[in-house]
Amino acid sequence: MREHVGLSLTEAAALHRVDKTAISNTESARFGVSADRVRVWAANYSCPDPAYVDALADMARERSGSNWWDEFRDSIASYMLDLAELEHHAAALRHVQITHLPGLLQHEDYARAVFGEAVPPLSSEALDLQVDFRMRRQALLDRADPPTCSFLLHEAALRMLFAEPAVVRRQLEHMLEQSERAAVTLRVVPFSAGGFPSAGSSTMYACGPVRPLDTVQIDVPNGVTFLDSETHLTNYRAVLDRVEQRSLEPGPSRDFIRKVLQEL
């Protein structure tokens, strides 16, 4: 908001009657911020979007340590905690999965096999923790008001044998069951669809309560990266729209998965 209104840190500090280090520390999330301060600063910056301000104030009111993922805070990588929080607050989730099936739709045995490929290998305790965390994330779909979830799955992800065929069959059957949920849409991108943008990495687009709070999550070798600039959001919306255009409709997608199941 400060940058959009064209104010320097010094000018903003004078406007808010605080030290400019307070501005810097708040913007970089080193300091917390109250809902009241969000509203005062937004008013000082002449923010024209009341829904955006309301959403930020709601976030500021949330108490640290009050959510299920906080019990994993000392044992799970911080980016995984961020992912769980992002999913929790999202109004909608849009996924493109290239070689892995989405964590929110993974059967426990399949998830265990995926984490079993970690380098360096996970201890049995660490493996159990990772699987438990992934299963806990899936409770999102059981909420009375789950986010609408769109999963675009490339055929490569359906055919990757991360486990023995019996486990993969169970995984595909589980995914078909989940696709019957009202909030879940599952579509397959077959090899025959050809190329598409960002084909090299899986992507999740989390729709916030308002568009300025949307976030893109992409997989990278050492974890995940989160993007939230206006340019990135615009480009990734276009990517997801393009991939969706090349995917099968939900009904034919389920038939396609059943065909893969029969071939295992």
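A crossing of two helices is called left-handed if the near helix is turned anticlockwise from the far one by less than a right angle, and right-handed if clockwise. Helices here are DSSP runs of H or I with at least four residues, numbered from the N terminus.

The structure is a predicted model, in which local features need pLDDT of at least 70 and side-chain atom pairs count only at pLDDT 80 or more, while totals for chains, interfaces and linings use all residues. Residues are numbered from 1 along each chain as its sequence is written, and side-chain values use heavy atoms, with hydrogens and water left out.

Two packed helices are described by the angle between their axes and the distance between the axes. Axes are lines fitted to C-alpha atoms, for helices over the stretch in contact, and angles run from 0 to 180 degrees between N-to-C directions. A good place to start is helix α7 (residues 108-115), whose axis comes within 10 Å of that of helix α8 (residues 124-137), the two crossing at roughly 135°. This angle makes α7 oblique to α8 (under 35 degrees counts as roughly parallel, over 145 as roughly antiparallel, 65 to 115 as roughly perpendicular and the rest as oblique). The crossing of α7 past α8 is right-handed. In this contact (heavy atoms within 4.5 Å), α7 contributes Glu108, Ala111, Arg112 and Phe115, and α8 contributes Leu127, Asp128, Gln130, Val131, Arg134 and Met135.

Burial adds to the picture of α7. Tyr110, Ala111, Ala113, Val114 and Phe115 of this helix are buried (under 20% relative accessible area, with exposed over 50% and partly exposed in between, for a 1.4 Å probe and protein chains only). Among the elements covering these buried residues of α7 are α8, α9 (155-159) and α10.

Helix α10 (residues 165-178) also meets helix α12 (residues 250-263): their axes come within 10 Å and cross at roughly 165°. That makes α10 roughly antiparallel to α12, and the crossing of this pair is left-handed. On the α10 side the contact is made by Arg169, Leu172, Glu173, Met175 and Leu176, and on the α12 side by Arg254, Ile257, Arg258, Val260 and Leu261.

Turning to the cysteines, the structure holds zero disulfides (pairs of cysteine sulfur atoms within 2.5 Å). Cys47 is in no disulfide, the nearest cysteine sulfur being that of Cys207, 20 Å away. With 21% relative accessibility, Cys47 counts as partly exposed, whereas Cys207 is buried at 19%. For the sulfur of Cys207, the closest cysteine sulfur is in Cys149, 10 Å away and too far for a bond.
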